[in-house]
Amino acid sequence: MKLIKNLLFYVLVLVIAVIAIFPFYYAIVTSFKSGTALFEVDYWPKVISLANYISVLTTGNFPRNFLNSVIVSTAVVAISLLLAITAAFALARVRFRGRSLLLLTILSVSMFPQIAVLAGLFEMIRGMGIYNSLLSLVFSYMIFTLPFTVWVLTTFMRDLPIEIEEAAIVDGAKPWTIVTKVFMPLMWPALVTTGLLAFIAAWNEFLFALTFISNDVQRTVPVAIALISGASEFEVPWGNIMAASVIVTVPLVVLVLIFQRKIISGLTAGGVKG
Amino acid sequence: MKRESQLSRQRKRAAWLFLTPMLAVLAAVALWPLLKTIYFGFTDASLDDLAGARWIGFRNFLEYVDYGDGTGEYYGLLADPTWWNAVRNTLFFTVVSVVFETILGMIVALVLNANFRGRGFMRAAILIPWAIPTIVSAKMWAWMMHDQFGILNDIGLSLGLISTPIAWTASADTAMAAVIIVDIWKTTPFMALLILAGLQMIPGDIYEAARIDGVNPIKVFWRVTLPLVRPALMVAVIFRGLDSMRIFDLIYVLTPNNAQTTSMSVYARQNLFEFDKFAYGSAASTLLFLTIAIITILYIWAGRVSFDGGR
């Protein structure tokens, strides 16, 4: 009886693992196929051809699109962490009137549907003259990275004991010194986690990137992949699409596997507590 | 005493100084564009002439045009069948996918909460669908669901589940199912991790006591586990629900131009930038925002969700 139960449990585990991993595995298998091999269903790689990778990396704007994504995501992470850590200090360590109302307002911004600000942002971005520029994305992505980073860093800072600050206050340190000298060194784990989650969110964003950039060179990878098309509806270059998909996903999967525990704790801090 | 209050005043001043840049950015990127979108919904703005927008009241939402001969017709979003179709699609998608994600997420979380060899590997495997960009997962699944060369049809045919290949993403009957399947695959991990965090907060001795008393495991689940993870579950459901209500990317890429799957966000963007009805699209965005705001408030009020983690 116990044996059957164990067996069933492991079958369930296996099913979950296969469903989770198979689609990405199959994308990798497809990306190594070329020519007519694409049109045969294979469950494991038979021949390995790099033709799709070479084609994606040497023709078209894909390398440039990749660089765009790296630039935008990195800038978004740096700016939102800088803004969020000082704000989190104020929200977590200083008592003032309206503090919880302010936190709730910030949290509610993260529930905004992006489409609700799209028309207004579009007008603003054209007015600022940054339409078709990566700046438009760095600016607009703050709407979803800021509330989240502020929230997670605030909950993290609130849990630190008061003693760590006391010595610095007694020594007459100014709040700015306290943030940079006392909190920053303690906050590295939280900064890495929130930074990673913000990076992934910026890397994957589609709606703003599709709307605020209309030129192929300035696009980021999600939009570039969505717009890869063949000469006609019947000539969709699936091999290239899969190769490009693998290229943009592998860095994320590697990051996720390395920082697994940190990411899970960050997700649940953002979720369970907010 | 004097020094104390001086200190706290200094800290309060610094706090506001620290908060200002963040609040200014949020106001610029969220508050102002939101107000502007709402405003555009009440004007006749067009994509080429945003500055020349004139106030036209509720005409984008509902307007009765009298033909002067005793007949007339309603125009505007609230009288537009394609808008209501988008509302229906969105609500159907949200309810079905969130229900499945909750049940499957609970199962995955219970598995991950058990002690077994390879648990670390499983937790990593679960994160893969979450980490894959939505666009990439849409393309991956579009290829797997391909009507001629797709592996899904191949599996279905060889197992005898289907007799002819199915055009998953193109056919009117299956397009919505295709979208829901991909969404469930992509977001169940998030649900599972949130529920898992809730499960891990349940003290182990409760289970120990139930085991010694010989309580049936199914009864333990309904009587002990479920009530205790309810707060975490409620938060996970509202997060997923709000996220599904605004779905755009997956539908836009997996089933483009398909009336069976057009969501409220897709409808709004089509009007804003593809059909040259900027004001009409803004009105649709406003209605979506209102819907989400009202549902959130009702849910928090009805479920008494505590976002403060009980603080």
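Let's start with D183(B), which you'll find in helix α6 of chain B, the run from residue 175 to residue 200. Keep in mind that this is a predicted model. Is D183(B) buried or exposed? With a relative accessible area of 8%, D183(B) is buried, because anything under 20% gets that label. So who are its contacts? Leaving aside residues up to four places away in sequence, D183(B) touches F93(B), S97(B), E101(B), T188(B), R240(B), I247(B) and L250(B). One of these, R240(B), also shares a polar contact with D183(B): their side chains are joined at 3.3 Å.

Now hop over to helix α2 of chain B, residues 81–113, where A86(B) sits. A86(B) has a relative accessibility of 0%, so it counts as buried. To get a feel for this helix, pick out V108(B), which is 22 residues along the chain from A86(B); the C-alpha atoms of the two are separated by 32 Å. What does A86(B) touch, once residues up to four places away in sequence are left out? The list is T262(B), S263(B), M264(B) and Y267(B).

Two of those names lead us to the next stop, since M264(B) and Y267(B) are among the buried residues of α10(B). This helix of chain B covers residues 264–274, and it is mostly covered: 10 of its 11 residues are buried. Charged and polar names turn up in that buried set too, including R269(B), Q270(B) and N271(B).

Look at what the backbone does around here. Most residues other than glycine have a negative phi. Just after α10(B), though, D276(B) takes a positive phi of about 55°. In the loop between α9 (249–254) and α10 of chain B you'll meet N257(B), which isn't a glycine either, yet has a positive phi of about 50°. N257(B) has a relative accessible area of 73%, so it is exposed.

Chain A has a similar story to tell. N132(A) lies in the loop between α5 (115–127) and α6 (134–140) of chain A. Its phi is near 70°, a positive value in a residue other than glycine. With a relative accessible area of 22%, N132(A) is partly exposed.

Stay in chain A and find helix α8, residues 163–170, whose buried residues are E165(A), A168(A) and I169(A). Why do they line one face of the helix? Seen down the axis of α8(A), these buried residues fall within an arc of 100°, so they share one face. The general idea is that an α-helix has 3.6 residues a turn, so residues three or four places apart point the same way. Turned away from the buried side of α8(A) is a face carrying the exposed residues E163(A) and V170(A). Just after the helix, G172(A) takes a positive phi of about 80°.

E165(A) also takes us across to the other chain: its side chain meets that of R11(B) in a salt bridge, 2.8 Å from N to O. How many salt bridges are there between chain A and chain B? The count is two. There are also 13 residue pairs in polar contact across the interface. On the side of chain A that touches chain B, the largest share, 15 residues, comes from helix α1 (residues 2–31) of chain A. By class, that side has 73 nonpolar, 14 polar and 11 charged residues.

Finally, step back to the whole contact, which takes 98 residues from chain A and 90 residues from chain B. Together the two chains bury about 8,400 Å², 78% of it on carbon and sulfur atoms.

Notes: Residues numbered from 1 in each chain as written. Chains lettered and ligands numbered in written order. Heavy atoms only, no water. Contact = heavy atoms within 4.5 Å. Buried area = accessible area lost by both parts, 1.4 Å probe. Salt bridge = Lys/Arg side-chain N within 4 Å of Asp/Glu carboxyl O. Polar contact = N/O pair within 3.5 Å; in protein donor to acceptor, adjacent residues only side chain to side chain. Helix = DSSP H or I, 4+ residues; strand = E, 2+ residues; numbered from the N terminus. Nonpolar A, V, L, I, M, F, W, Y, C, P; charged D, E, K, R; others polar. Buried < 20%, exposed > 50% of the residue type's maximum accessible area, 1.4 Å probe, protein only. Arc of directions from axis to C-beta.
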